[in-house]
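Please go through the structure below with a view to its charged pairs, its strands, its surface patches and its backbone. The paragraphs that follow take these topics in turn.

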Amino acid sequence: MFGETGTGANMRGATRGHILDGVKASLRRMQLDHIDLYQIHGFDPATPIEETVRALDQLVRQGHVRYVGVSNWAAWQIAKALGIAERWGLARFESLQAYYTVAGRDLEREIVPMLRSEGLGLMVWSPLAGGFLSGKYTRQQQAEAGSRRLEFDFPPVDKERAYDCVDVMRSIGEAKGASVAQVALAWLLAQRPWIVPIPGTTKLHRLEENLGAVDLDLTAGDLAEIDAEASKIEVQGERLPEAVLKMTGH
């Protein structure tokens, strides 16, 4: 819930009216009596956080929603919402959906330590960096016809350094009979037990390949080898500081 669903002031954002109306409309369309996890898809600067938190709490109390979470919020925004929920005895956020890959580790600065401290789960969108970590991209073959990255180059990736990560993961994968995509997903799964990747694909064989990452065991040596390259990738123009790497277990 966040995007515009019609005309009018209450047809967009994270306002109380938009949230309550949106959930009830979704339940009617899907012919369900509740939603297991309901997330606010983006931060609404025009709506007080308390209004959003209270609206979500009402949905939980009414039984329309079991658990609530957010997507793409900053650490301070989530922390403020958790404080409001604790102060007033409201339903708290249980999850964050955000971008996090071996080629994009910005979350390790503030988000990951906050999630770890407050006990929230992390659902990772685009865990293969928009297909960049699928293994089909190399310095020689940067984009193929029909590739999503050819027309929509997102999420942004420090490509030159990310290619080094892909080379390392390809080497590890070849030794284990696994694809680059499986190694990239297995790296994510190895970070924390509360991290859930959400890989997306339009091809069945790709889905089956991605699912194989669950059975791929990366050794401490494998993870260290990948991290040695990944830690060189620039984040906001800087390398990840050693203190952050140590704090998050890298």
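In this predicted model, a search of the whole structure turns up 7 salt bridges. Side chains of opposite charge can pair when their charged atoms come close. One of the pairs joins D222 to K176, with 3.2 Å between the closest N and O atoms. D222 belongs to helix α9 (residues 220-230) and K176 to helix α6 (residues 159-176), so this salt bridge ties together parts that are 46 residues apart in sequence. How do the two partners stand with respect to the surface, buried or partly exposed? D222 has a relative accessibility of 11% and therefore counts as buried, the limit being under 20%. K176, at 34%, counts as partly exposed.

Another salt bridge links E108 and R105, and here the closest N and O atoms are 2.8 Å apart. Both of these residues are buried. The pair does not stand alone, since R105 and E108 are linked with D227 in a network of salt bridges. R92 and E94 give a further example, their side chains meeting in a salt bridge at 3.5 Å, N to O. R92 is partly exposed, with a relative accessible area of 27%, and E94 is also partly exposed, at 31%.

The strands come next. Strand β4 (residues 121-125) pairs with β5 in the parallel sense, over 4 bridges. Within this pairing, M123 stands opposite V196 in β5. In a regular strand the side chains alternate between the two faces of the sheet. Strand β5 (residues 195-198) shows such an alternation. Which of its side chains are buried? I195 and P197, which point to one face, are buried, while V196 and I198 point to the other face and are not. The V196 that stands opposite M123 is thus on the face of β5 whose side chains are not buried.

Two surface patches can be located on the model. The positive patch is formed by R16, K24, R28 and R29. R28 sits in helix α1 (residues 16-30). With a relative accessible area of 62%, R28 is exposed, because the limit for that class is over 50%. The other patch is nonpolar and consists of L204, L207 and L211, which together have about 300 Å² of accessible area. L207 is in helix α8 (residues 204-211). At 37% relative accessibility, L207 counts as partly exposed. Residues enter a patch if they have over 30% relative accessible area and no salt bridge, so L207, at 37%, passes the cut-off for area.

The backbone has two residues to look at. Most residues other than glycine have a negative phi, and most peptide bonds are trans. Q31 is not a glycine, yet its phi is positive, at about 55°. Q31 lies in the loop between α1 and β1 (35-41). A129 is likewise a residue other than glycine with a positive phi, near 55°. A129 is found in the loop between β4 and α5 (148-151). Are these two residues buried or exposed? Q31 has 70% relative accessibility and counts as exposed. A129, at 0%, counts as buried.

Lastly, two pairs of residues can be followed by their C-alpha atoms. R116 is placed in helix α4 (residues 111-118). With a relative accessible area of 48%, R116 is partly exposed. R116 and R192 are 76 residues apart along the chain, and 9.2 Å separates their C-alpha atoms. The other pair starts from V166, in helix α6, the helix that also holds K176. V166 counts as buried, with 1% relative accessibility. Between the C-alpha atoms of V166 and S134 there are 8.7 Å, while the two residues are 32 residues apart along the chain.

Terms used: Residues are numbered from 1 along each chain as its sequence is written. This is a predicted model: local features need pLDDT of at least 70, side-chain atom pairs count only at pLDDT 80 or more; totals for chains, interfaces and linings use all residues. Side-chain values use heavy atoms; hydrogens and water are left out. Patches are made of residues with over 30% relative accessible area and no salt bridge: like charges are joined within 9 Å, nonpolar side chains (Val, Leu, Ile, Met, Phe, Trp, Tyr) within 5 Å. Accessible areas come from the Shrake-Rupley method with a 1.4 Å probe; for residues, only the protein chains shown count as cover. A salt bridge is a side-chain nitrogen of Lys or Arg within 4 Å of a carboxyl oxygen of Asp or Glu. Lys and Arg count as positive and Asp and Glu as negative; His and the chain ends are not counted. The place of a charge is taken as NZ of Lys, CZ of Arg, CG of Asp or CD of Glu. Helices (H or I, at least four residues) and strands (E, at least two) are DSSP runs, numbered from the N terminus. Buried means under 20% relative accessible area, exposed over 50%, partly exposed in between (1.4 Å probe, protein chains only). Two strands pair if DSSP finds at least two bridges between them.
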